[in-house]
Structure formats: C-alpha cells, structure tokens
Amino acid sequence: MKRRIRGIKNRPRLCVFRSNKHIYAQIIDDSNNQIIASSSTLTQIMKQNMKLSNNCDAARSIGQNIAQKSKALGIREVVFDRQNKIYHGRIQALAEAVRKEGIKF
C-alpha cells in the first residue's frame, strides 16, 4: 500500500521531481492546495548560472535557491517528498544543499 506524504502550513512539503534533463523543486502546502515557492533548472536565472541542467551541481544550486526562498518566507522545516525516486545522485545533492542552508527535514 502506498503511503501519501502530506505537508501542513507550519511544515509544508518539499516535492522534488527529476527528469532526464531537468530538476524541479516545489514547496507545497497541502492543507490549502497551494504552491508556496518553486525553483527549477528551466528558469532564466538558473539557466544563466549553469552550463548543464542534468547534473549534481545543478541540483545543488536548485536546492540552495529553494532553501533561500523558503527562509525568506519564514519556513524552517519541511517534509521531503522524493516521489519514489531513490535517495541518490541529484536527489541527494538537492537535499544536502537544502539542509546546508538550514532547512530541517
């Protein structure tokens, strides 16, 4: 049976989606069905700062970016949702970058 991960207002869900070319991170409040903040390798600012969008360095910069956005909104704790992807490679790099910025899982 699949268990669904849910975020609440004081501890929203950090949802990470990884495709072959890009990585996306969203902070979601499931109680209000609202996306609070998002970051991806498709945004213009992130495209200018990185050469490749499908490596661990890109995932680290997305992690730092989403952590800075969440700290600006006053979010210090999140529930990490990796969507059945293994905790390895780009997912791990993004998570460690978020933790390094001071966000707790």
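Two residues are in contact here when heavy atoms of each lie within 4.5 Å. With that in hand, let us look at Phe80 in this predicted model. Leaving aside neighbours within four places in sequence, Phe80 touches Ile5, Leu14, Val16, Tyr87, Ile91, Leu94, Ala95 and Phe105.

Phe80 also belongs to the largest nonpolar core, a set of 22 residues. Along with Leu14, Val16, Ile66, Leu94 and Val98, Phe80 is among those with the most contacts inside this core. Four elements each supply at least two of the core's residues:

| Element | Residues |
|---|---|
| β1 | 13–18 |
| β2 | 23–29 |
| α2 | 56–72 |
| α3 | 90–100 |

In soluble globular proteins, nonpolar side chains tend to be buried together.

Next comes α2, a helix of 17 residues. From first C-alpha to last, α2 reaches 24 Å, close to the 24 Å expected at 1.5 Å a residue. Its buried residues are Ala58, Ala59, Ile62, Gly63, Asn65, Ile66, Ala67 and Ser70. Covering these buried residues of α2 are elements including β1, β2, β3 (34–40), α1 (44–49) and α3. After the helix comes Gly74, with a positive phi near 85°.

Finally, a stop at Ile8, in the segment before β1. Is Ile8 buried or partly exposed? Ile8 counts as partly exposed because its relative accessibility is 47%, and the partly exposed class lies between the 20% and 50% limits. Ile8 and Asp30 are 22 residues apart along the chain, yet 5.9 Å separates their C-alpha atoms.

Note on methods
Residues numbered from 1 in each chain as written. Predicted model: local features only at pLDDT ≥ 70, side-chain atom pairs only at ≥ 80, totals over all residues. Heavy atoms only, no water. Core = buried A, V, L, I, M, F, W, Y, C linked by side-chain atoms within 4.5 Å. Buried < 20%, exposed > 50% of the residue type's maximum accessible area, 1.4 Å probe, protein only. Expected span 1.5 Å × (residues − 1).
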